[in-house]
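Let's take a walk through the charged pairs of this protein. Have the structure open beside you, and follow along one pair at a time.

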Amino acid sequence: NGFAYLHDDETWDLFTPNKDDAPSNIVLALDGDGNGGLWVAGGDVAELGEGGLAHLSAEGIWQTKINSLTFAVSADSKGGVWMSMVGFLVHFPASGKPDQVFSVIDNPNYSKLPGKMAVVLSIVPDNTDGIWIAGNDISLQHGGGLAHLLADRTWEVFDTSNSKLPADQTTTLAADGQGGVWIGTLKGLAHLRADKTWEVFTPSNSQLPEESVMSLATDGQGGV
């Protein structure tokens, strides 16, 4: 039923499509724009046409960017935004039309999504003008692994066949602030450091409370 903001004085602001321009009652992703505003992505997965991506400015002004189910959103450092729909990963600059489009579709106007990736569920920036993405294959059953879009716009792809990723079904990401990334999967939590070494945490080898990791946030002190 939308999303909420909790103020320091413990009062609440509630945002829904009925009284605001929020894109959907079902919010799948949020990301700050770096200027006091917020990007809001969402939609009903059962109704693939419902949902969208919208921006709420610090002044309280809404702007709709996309009117279609949107899974993930990540603001960049230049006022632009990355977002994902079924079969697409798209970058919008601060103004104007998309300048980068990756898709599962064979089309000369699009670049190809890497590996088996078809539904991007999480996007986080790296520290070199690239991004990390996690998600599913087109069947939504086998996973898309982890992919890294480098600054030169080539891809690195990590999965269970070429890395210590505990499962190809990746769900959520968090940058570690040192060039690496934390990866939530359906079979545990992984940490890929900047030097390409791995840590893997499961309920059997750590105090991880659950095998399926659905959301991550860093603590600002190197932890997650």
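Start at Lys-19, which is exposed, with a relative accessible area of 54%. In this predicted model, Lys-19 pairs with Asp-20 in a salt bridge whose closest N and O atoms are 3.1 Å apart. Now turn to the partner: Asp-20 has a relative accessible area of 19%, and because buried means under 20%, Asp-20 counts as buried. So this bridge joins an exposed lysine to a buried aspartate.

How many salt bridges does a search of the whole structure find? The search finds four, and you can visit two others next.

For one of them, look at Glu-156, which forms a salt bridge with Lys-196, with 3.9 Å between the closest N and O atoms. The cut-off is within 4 Å, so this pair qualifies. Glu-156 sits in strand 15 (residues 155–158), while Lys-196 is in the loop between strand 18 (188–192) and strand 19 (198–201), so the bridge ties together parts that are 40 residues apart in sequence. As for exposure, Glu-156 is partly exposed at 22% relative accessibility, and Lys-196 is partly exposed too, at 39%.

Your last stop is the pair of Arg-193 and Glu-199, whose side chains meet in a salt bridge at 3.3 Å, N to O. Are these residues buried or exposed? Glu-199 is partly exposed, with 25% relative accessibility, and Arg-193 is partly exposed as well, at 29%. Behind pairs of this kind is a simple idea: side chains of opposite charge can pair when their charged atoms come close.

How values were computed: Residues are numbered from 1 along each chain as its sequence is written. This is a predicted model: local features need pLDDT of at least 70, side-chain atom pairs count only at pLDDT 80 or more; totals for chains, interfaces and linings use all residues. Side-chain values use heavy atoms; hydrogens and water are left out. Buried means under 20% relative accessible area, exposed over 50%, partly exposed in between (1.4 Å probe, protein chains only). Helices (H or I, at least four residues) and strands (E, at least two) are DSSP runs, numbered from the N terminus.
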